[in-house]
Amino acid sequence: MARLKLAVLVSGRGSNLQALIDACEAPGYPAEIALVIANVADAFGLARAERSGLPTRVIDHKGFSDRDAFDAALTRSIEESGAQLVCLAGFMRLLTAGFCERWRDRLINIHPSLLPAFKGLHTHERVLEAGVRITGCTVHFVRPTMDEGPIIAQAAVPVGSSDNAETLAARVLEQEHRLYPLAVRLIAEGRVTVHGERADITGADAPRGSLISPP
Ligand code: GRF
């Protein structure tokens, strides 16, 4: 079966991109990366892509007069690459409603919290301030409002009493690297359908049991 073609958009470190690169290199994985786009010329994610021989493109938002023009350039590149699914992986630009509409239900993001809790930046600091005992990460379809949209998959991570934002971020990130390839696989296998603001998954249900924190 043909593999689903991905465009991955990054702004920085690109560790989630790396998780997708590694997944796509594994035999039998149902997706492949057609293009990596960065809006920042020295994003480390670009080096990761180049190292794996993947096509890259820098589209610097500073070279455009407004968000519509920038997003139109993104769309042109993605279309040229033949990508069927757009994966945001630490892409630090807000996308216009027009872009979200153009790629509706074919545009996904990973966020380091259990959405809809803790949308936005500085997630782990706010998780610690709020004193929640369990946090995690979410892969979701993108809607014009930041960190909103149908949820595809989530991973839960207990918050320890000695955690700080860095230790928590590191443990959540480990789960992000498992979760993003899993979510892309589910989509590539045609098992994810969107009904309005909900995504349904066929052939995979929640695991039994629970995570209690503290135990
Ligand atoms: C991740 O924590 C992701 O959830 C968030 O931005 C961070 C990107 O990290 N959207 P990386 O560039 O993938 O290493």
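**Exercise 1.** In this predicted model, determine why the ligand lies between domain 1 (1–103) and domain 2 (109–203).

*Solution.* Both domain 1 and domain 2 give residues to the shell around the ligand, so the ligand lies between them. The residues that surround the ligand are Arg13, Gly14, Ser15, Asn16, Gly90, Ile110, His111, Pro112 and Glu176. Helix H1 (15–25) and strand E5 (107–111) each contribute at least two residues to this shell. Sorted by class, the shell holds two nonpolar, five polar and two charged residues.

**Exercise 2.** Identify polar atoms of the protein that lie close to oxygen atoms of the ligand, using a cut-off of 3.5 Å, and state how much of the ligand is covered.

*Solution.* Begin with arginine 13, which places a polar side-chain atom 2.5 Å from a ligand oxygen. Glycine 14 has a backbone N or O atom 2.8 Å from an oxygen atom of the ligand. For asparagine 16, a polar backbone atom is 2.8 Å from a ligand oxygen. On its own, the ligand has 370 Å² of accessible area, and the protein covers 83% of this. The site of the ligand is the largest pocket.

**Exercise 3.** Describe the backbone features of proline 116, phenylalanine 118 and histidine 122 in the loop between E5 and H5.

*Solution.* Recall first that most residues other than glycine have a negative phi, and that most peptide bonds are trans. The bond from leucine 115 to proline 116 is cis, with omega near 10°. Phenylalanine 118 has a positive phi of about 60°. Histidine 122 also has a positive phi, near 55°.

Terms used. Residues are numbered from 1 along each chain as its sequence is written. This is a predicted model: local features need pLDDT of at least 70, side-chain atom pairs count only at pLDDT 80 or more; totals for chains, interfaces and linings use all residues. Side-chain values use heavy atoms; hydrogens and water are left out. A residue is near a molecule or strand if one of its heavy atoms lies within 4 Å of it. A polar contact is a pair of N or O atoms within 3.5 Å; within protein, one must be able to donate a hydrogen and the other to accept it, and residues adjacent in sequence count only if both atoms are side-chain atoms. Accessible areas come from the Shrake-Rupley method with a 1.4 Å probe; for residues, only the protein chains shown count as cover. On a 1 Å grid over the protein atoms alone, a cavity is a set of points where a 1.4 Å probe fits but cannot get out, and a pocket is an open set with protein on both sides within 12 Å along at least five of seven lines; lining residues have an atom within 4 Å of a point. A molecule sits in a cavity or pocket if more than half of its atoms lie within 2 Å of its grid points. Helices (H or I, at least four residues) and strands (E, at least two) are DSSP runs, numbered from the N terminus. Ala, Val, Leu, Ile, Met, Phe, Trp, Tyr, Cys and Pro count as nonpolar, Asp, Glu, Lys and Arg as charged, and the others, Gly among them, as polar. Domain bounds come from an automatic or database domain assignment.
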